[in-house]
Every structure is written in structure tokens, then in C-alpha cells.
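Student: I am new to this structure and would like to be guided through it. May we begin with the model itself?

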Amino acid sequence: MPEDHAADIQLVTRAGEEQARPYGLPLAVLAEITHRCPLQCPYCSNPLAMEPAANELSTADWLRVIDELADLGVLQIHFSGGEPTARRDLVQMVSRATEVGLYTNLITSAVGLTRDKLSALADAGLCHVQISVQGAEPALADRVGGYKGGHARKLEAARWTRELDLPLTVNAVMHRQNLLQLPQIIDMAVEMGASRLEVANVQYYGWALKNRRALMPSPAQVEACTATVEAARARLHGVMEIDYVIPDYYAERPKQCMGGWGRQFFNISPSGKVLPCHAAETITGLDFDSVRDRTLAWIWDNSPALNAYRGTAWMPEPCRSCEWKEADFGGCRCQAFALTGSAGNTDPACARSPLHARVFALAESEAEADHTRFIYRNLSGGTEEAGPA
């Protein structure tokens, strides 16, 4: 995603008046076009109550939204889900995005992808592919994703991606049960032809909270992971870029989540809700406006939910007086809600939070638990417990 741009950006409104936006213009949107997915990942970041197919925006709705994104000044659209290839009209959406000048990225599990479908997407102007992986070898990877044969399909899809001359990012979702394979995952990403690897530690809200005891890495694992990434960055400089953020529960300062609440990015859910991040619906008490009822331009400027934690005026102490407040913008609101009960509290990932020591101790305690069984996620909301393969 793009780096931070200047804070004060002027936009000519439809009425012809110039309106200062201290929070900036949206640079990118995550279009979550469906919650349908063949995988059952135990750390799924989609809402606890996922949208059924009947509630998804229609093709006409998405094409209109894509036009509005371009009019608003958005530069990138990331097609995601669930599994975006479950939508039969994905090629049509990519084609429209290409027509209006948007950079297009497909974020996929690759399990349901075919070479013909990927070729059609490339012909429609797709700019980039991002494939998620759950491990470096089939047994563990398939167990984590809850889909037998999924790992082999991912490797095959990566090969097609490079044959079609599309840039590839590998997203490796890391946790206690696969961190030991990180060196092999890095080597695998190079072999897959990836130009970029995201070492993406699990975020503990939504479904991941149900599996935190099985997923939380130990302090020793985090230390080893960091050392592995730093060594690989030096070794692979100029070959593959590696993005890495330390797991939140072990951090000293919070991350700049999505570039700050409602500053640079937003999500559109399968039913059309406009969200400041993919997990925002875990925060109860916020009502998110829908593209079915309002234009994107109106929502970006006027949505009470998007304005709730914009900027710094909402911040409590110690955030309000912190010299980093315009660097991290208070960190993650979803995490603050999950761990403190209020999205307006200081993110416990920050060492200045009164709850930071307690959260660190919680991480250490849960990482010591001999708990390996997952509660799998599926679209119907049901669960299935399973132990190691």
C-alpha cells in the first residue's frame, strides 16, 4: 500500500467549493466482494457474522462503486473476501477498474483459482496477485487452512501468476504453530517468484480471539522470528522485499493501523458497508453507512463512524500528549475494543497504556499453554474442533 501522503489535501467538491480535508484523501480501498471462502482459517479476520451470498452487492452496484472510487481520487483497489474468485463477475469488476485507471490487486487463497480465470483477469488488466500461505509444507499448511490439498494449489497458482508475468506477493500468516517454518517459508516465497513477502502475524480480534491460546507465539519465537527476518532481508536485498511487524502483544509502540482511522484507506464489505478497516465491525456501537444508501464521497466526508476516531481530538491521555500521536494515530481501535472494552482507550500494544504489562503477561501465559487444537471457521457460523493432523 502507498506510504503516507501530505496531511492537508484540497479537493474541489461537487458544489465547486474547496474543502480542506485534514485527514486526507483515500488512496486505496479493500473491496471485500464476498465472505464465501473454501478455507476455514482459525484466525479469520472477517466479522463473526459473515454476509451470505444473498446480501452481497450486485454486479451493477460494484461497477457503480468502482466509478465512484475513481471520481473520489482513489488510486488502488484490492479485491478480497473471503475468496474473491468465488464471484463470477470478478473479471468484469477488474475490467471496469482498469478502464477508470485504478491499480488492481487480487488478494486470494488461490484454492479456487484456475489458470483460465487468472489469464482472463490478466487480460482484463489485473496488475498484481497476492497469495496467502499457511506453512511451508502441505501437512501443516492444509491443517491450518482446513482444506486438504490447498497448499499444492497455491504453489500451482503462483506458477501461473509468474507465467502470465504478473507481480506476486506472498502473505504468510504467522503464529505459534508455524513460526518454526519461517526460514522455509521465506525460501519458498523466493522459489514461487514473489517480489514481496508479508510476514503477517495474526491479529487477535474476531475469530482469532477464539483460537488465541493455540496461536499466540512465545517471546522466544518472536525473538527468533525477528532475527530470521532481519537476516533474510540482508541476504535477499534486491531479490525480494520482506514486510514484517512484531506481534502486537509483544510490541512497545502500536502500529499505524491502516495509516490511521479514516485517513488513507477504507474497506467496503460484501453488503456495501464502508469501514475504516477490515475488522471494524467487531466494534459494537458503531453504525457504518452503506454504498446502497449514500455516495462514497458523502460517506468519506460525513460518516459518523469514519469520523469517530479520525485525527487526534478523540484521544484520551496519555495519547493526547504523546509526541507520537500523529505518527501512529493511536494504534488499533479494534484491538483497544477487544482488550479493554472501549475503542476509545489507549491501544494496549503501546508501552504507555496502563494495560500493556497485563497484555504482555497474558501473551506469555497463553504461549506457554499446551494447546494445539483449532476451532475452525466456516460460513454458516458453525465450528469444528480438530487436533493436529
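Tutor: Let us first fix one term: a charge sits over a ring if NZ of Lys or CZ of Arg is within 6 Å of the ring centre and within 35 degrees of the ring normal. The structure shown is a predicted model.

Student: Over the face of which residue does arginine 253 lie?
Tutor: The term just given applies to arginine 253, whose distance from the ring centre is 3.7 Å. Another charge over a ring is that of lysine 210, placed 5.1 Å from the centre of the tryptophan 207 ring. For arginine 253, the ring belongs to tryptophan 324.

Student: Over which residues does pLDDT stay under 50?
Tutor: The chain has an average pLDDT of 89, and 92% of its residues score at least 70. Where pLDDT is low, the predicted coordinates should not be read in detail. That caution concerns the stretch where pLDDT stays under 50, namely residues 1–19.

Student: How many residues apart in sequence are the parts that tyrosine 250 and phenylalanine 360 tie together?
Tutor: The rings of tyrosine 250 and phenylalanine 360 form an edge-to-face pair, with 5.4 Å centre to centre and 90° between the planes. Tyrosine 250 belongs to the loop between strand 9 (241–244) and strand 10 (265–268), while phenylalanine 360 belongs to helix 13 (residues 356–368), so the parts they tie together are separated in sequence by 110 residues.

Student: Is tyrosine 250 buried or exposed?
Tutor: Buried means under 20% relative accessible area. Phenylalanine 360, at 28%, counts as partly exposed. Tyrosine 250 has a relative accessible area of 8%, so this residue is buried.

Student: What is the angle between the planes of phenylalanine 374 and tyrosine 376?
Tutor: Phenylalanine 374 is buried at 0% relative accessibility, and tyrosine 376 is buried at 6%. Their rings lie 6.0 Å apart, centre to centre, and the pair is tilted, with an angle between the planes of 55°.

Student: Which residues does arginine 96 contact, leaving aside its neighbours within four places in sequence?
Tutor: Arginine 96 is part of helix 2 (residues 90–99), and its relative accessibility of 24% makes it partly exposed. Once those neighbours are set aside, the contacts of arginine 96 are Leu63, Ile66 and Asp67.

Student: Where does UniProt place the feature "domain: Radical SAM core"?
Tutor: The span in question is 40% helix and 16% strand, and its end C-alpha atoms lie 38 Å apart. The unreviewed UniProt entry places this feature at residues 23–235.

Note on methods:
Residues numbered from 1 in each chain as written. Predicted model: local features only at pLDDT ≥ 70, side-chain atom pairs only at ≥ 80, totals over all residues. Heavy atoms only, no water. pLDDT = per-residue confidence, 0-100. Contact = heavy atoms within 4.5 Å. Phe/Tyr/Trp six-rings, centres within 6.5 Å; stacked < 30°, edge-to-face > 60°. Helix = DSSP H or I, 4+ residues; strand = E, 2+ residues; numbered from the N terminus. Buried < 20%, exposed > 50% of the residue type's maximum accessible area, 1.4 Å probe, protein only. UniProt positions renumbered as here; feature names shortened; annotations may be inferred.
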